[in-house]
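Trainee: I would like to take a close look at a single part of this model, and I would be glad of one connected account rather than a list of separate remarks.

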Amino acid sequence: MIRTSSGIVAGLTATALAVIGFLTYQASAYAPDDLSAPRAAEPLPATASKAPRDKNDPTALPAGSGTGRRVVYSLDDDRVWLVDEGDRVRRTFRVSPGTVDPLPAGYAVTSRSGTIVGSDGVAVEHVVRFASQDGIAIGFSAAVDGSVTPPDATRRLGGIREPRDAGAAMWDFATIGTRITVIR
């Protein structure tokens with residue numbers, strides 16, 4: 001009886017491994033080629049790195065910041081715009097940048113985390129990462145305690161802090177692969 005049971009277990013194990021192997025092959029065969037690697041920054045045209053501003057409305061989406069659905073992040077203005085397919089601004093808000101800035105370029109969201117402890121030791125939520133500079137991950141996040149304070153200037157930090165309600169909006173808007181345009 002024991003021999004028969006072990007034979008059945010061995011057969012079931014072999015079948016399970018074969019099914020897993022087949023499903024793994026199918027998943028890899030139909031996955032997009034660029035899914036496994038983060039997308040590199042795409043250079044913007046020289047005229048777009050310092051996008052013109054509307055002097056009458058500093059919260060207006062900068063001209064030359066791209067087209068289509070995207071997140072626009074201005075390094076000079078410490079401001080973010082969530083832009084829909086029709087180039088309409090769904091939301092704009094101020095942020096507190098980290099000490100390590102991304103280069104002005106086009107990126108895509110590469111990873112997200114619901115709640116973690118940031119590299120500065122602060123509990124953060126709605127983390128949306130899109131770049132790295134000199135080994136420092138760069139992304140948007142909101143402090144769980146609601147603070148939006150300037151980072152410790154003596155540390156190399158890539159967290160771009162946003163208010164909690166803005167962090168929730170970013171989380172809903174910027175899924176994996178969403179375009180991020182960084183301008184001056």
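Are F130 and F140 buried or exposed, and what surrounds this part of the protein?

Mentor: Both F130 and F140 are buried, and I will build the account outward from these two residues, keeping in mind throughout that the model is a predicted one.

The frame comes first. The secondary structure consists of two helices and nine strands, and these follow one another along the sequence in the pattern α-β-β-β-β-β-β-β-β-α-β. The protein has 184 residues, of which 34% count as buried, and it exposes about 10,500 Å², with carbon and sulfur atoms supplying 58% of that area. Among the contacts with a separation of 6 or more, 53% are between residues 24 or more positions apart.

Now to the rings themselves. A pair of aromatic rings is described by the distance of the centres and the angle of the planes. The structure holds three aromatic pairs. In one of them, Y73 and F140 have ring centres 5.6 Å apart and planes at 80 degrees, and because an angle over 60 degrees counts as edge-to-face, that is how this pair is classed. This pair links distant parts of the chain, since Y73 belongs to strand 1 (residues 70-74) and F140 to strand 7 (residues 136-143), with their positions 67 residues apart in sequence. Y73 is buried, as is F140.

The pair formed by F130 and F140 is stacked, with 5.2 Å from centre to centre and 25 degrees between the planes. Here the partners are ten residues apart, F130 lying in strand 6 (residues 123-133) and F140 in strand 7. F140 therefore takes part in an edge-to-face pair with Y73 as well as in a stacked pair with F130, and the two pairs belong to a wider group, for Y73, Y107, F130 and F140 form one aromatic cluster.

The cluster can be set beside the nonpolar core. The largest nonpolar core has 25 residues, and those with the most contacts inside it are V71, V80, F130, F140 and M170. At least two residues of this core come from each of strand 1, strand 2 (79-83), strand 4 (105-108), strand 6, strand 7, helix 2 (164-173) and strand 9 (179-183). Helix 2 supplies the largest share, namely four residues. M170 touches F140 directly, and beyond its neighbours up to four places away in sequence M170 also touches V71, V80, L82, F93, V128 and E162.

Other rings in the model are met by charged side chains. The charged end of R69 sits over the ring of F173, at 3.9 Å from the ring centre, while R112 lies over the face of W171, 3.6 Å from the centre of that ring. W171 is also among the residues touched by S113, together with H126, V127 and R129, when residues up to four places away in sequence are not counted. S113 lies in strand 5 (residues 111-117) and has a relative accessibility of 16%, so it counts as buried. The side chains of S113 and R129 are joined by a polar contact of 2.7 Å.

Returning to strand 7 and its partners, the side chain of R161 makes a polar contact of 3.0 Å with the side chain of S141. R161 has its place in strand 8 and is buried, with a relative accessible area of 11%. The contacts of R161 outside its neighbours up to four places away in sequence include V95, S96, G118, D120, V122, V124, A143 and V148.

Beyond strand 7, V144 lies in the loop between that strand and strand 8 (159-161), and at 32% relative accessibility V144 counts as partly exposed. V144 and V124 are 20 residues apart in sequence, yet their C-alpha atoms are 5.1 Å apart in space. Setting aside residues up to four places away in sequence, V144 touches V124 along with T115, A123, E125 and R164.

The account ends with P163, which has its place in the loop between strand 8 and helix 2 and is partly exposed, with a relative accessible area of 26%. P163 and A143 are likewise 20 residues apart in sequence, with 7.6 Å between their C-alpha atoms. Leaving aside neighbours within four places in sequence, P163 is in contact with R94, A142 and V148.

Technical notes. Residues numbered from 1 in each chain as written. Predicted model: local features only at pLDDT ≥ 70, side-chain atom pairs only at ≥ 80, totals over all residues. Heavy atoms only, no water. Phe/Tyr/Trp six-rings, centres within 6.5 Å; stacked < 30°, edge-to-face > 60°. Buried < 20%, exposed > 50% of the residue type's maximum accessible area, 1.4 Å probe, protein only. Lys NZ or Arg CZ within 6 Å of the ring centre and 35° of its normal. Contact = heavy atoms within 4.5 Å. Core = buried A, V, L, I, M, F, W, Y, C linked by side-chain atoms within 4.5 Å. Areas by Shrake-Rupley, 256 points an atom, 1.4 Å probe, with all protein chains shown as cover. Polar contact = N/O pair within 3.5 Å; in protein donor to acceptor, adjacent residues only side chain to side chain.
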